Amino acid sequence: MKISPGKLSVLTPARYRISVVGVLDEIIIDRLCGLTIEHQEQDPGSGKVIISLTGSLADQAALVGALNILYNMRMPLLSVEYLGES
């Protein structure tokens, strides 16, 4: 499925899916700009937990803020996916 960027700019709201390795507690989830856990699974090869966070963010500054929080928690980033305008 191909998603068109439409009117996307650094200032427009959009939906994103971010996948990371690790476990998040509720306090950290509350700090992630409204992102919620969409899916959580355990990788059979490594046994590590993979979490997909999904939600609408106000702009790309909010996206960078959420990514910085995850980085500061030392959670390896697997992917960031643009899901369309929100």
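Select Arg 17 and Glu 81, whose side chains meet in a salt bridge with N and O 2.8 Å apart (a side-chain nitrogen of Lys or Arg within 4 Å of a carboxyl oxygen of Asp or Glu). Arg 17 lies in strand 1 and Glu 81 in strand 4, so the pair ties together parts that are 64 residues apart in sequence; helices (H or I, at least four residues) and strands (E, at least two) are DSSP runs, numbered from the N terminus. This is a predicted model, in which local features need pLDDT of at least 70 and side-chain atom pairs count only at pLDDT 80 or more, while totals for chains, interfaces and linings use all residues. Residues are numbered from 1 along each chain as its sequence is written, and side-chain values use heavy atoms, with hydrogens and water left out.

Add Glu 38 to the selection: Arg 17 forms a salt bridge with Glu 38 too, the closest N and O atoms being 2.8 Å apart. Salt bridges that share partners thus join Arg 17, Glu 38 and Glu 81 into one network.

Move next to helix 2, residues 60-72, and colour Ala 62, Leu 63, Ala 66, Ile 69 and Leu 70, which are buried (under 20% relative accessible area, with exposed over 50% and partly exposed in between, for a 1.4 Å probe and protein chains only). Seen down the axis of helix 2, these buried residues fall within an arc of 120 degrees, so they line one face; the arc is that of the directions from the helix axis to the C-beta atoms. Turned away from that buried side are the exposed residues Ala 61, Tyr 71 and Asn 72.

Technical notes: The expected span of a helix is 1.5 Å times one less than its number of residues.
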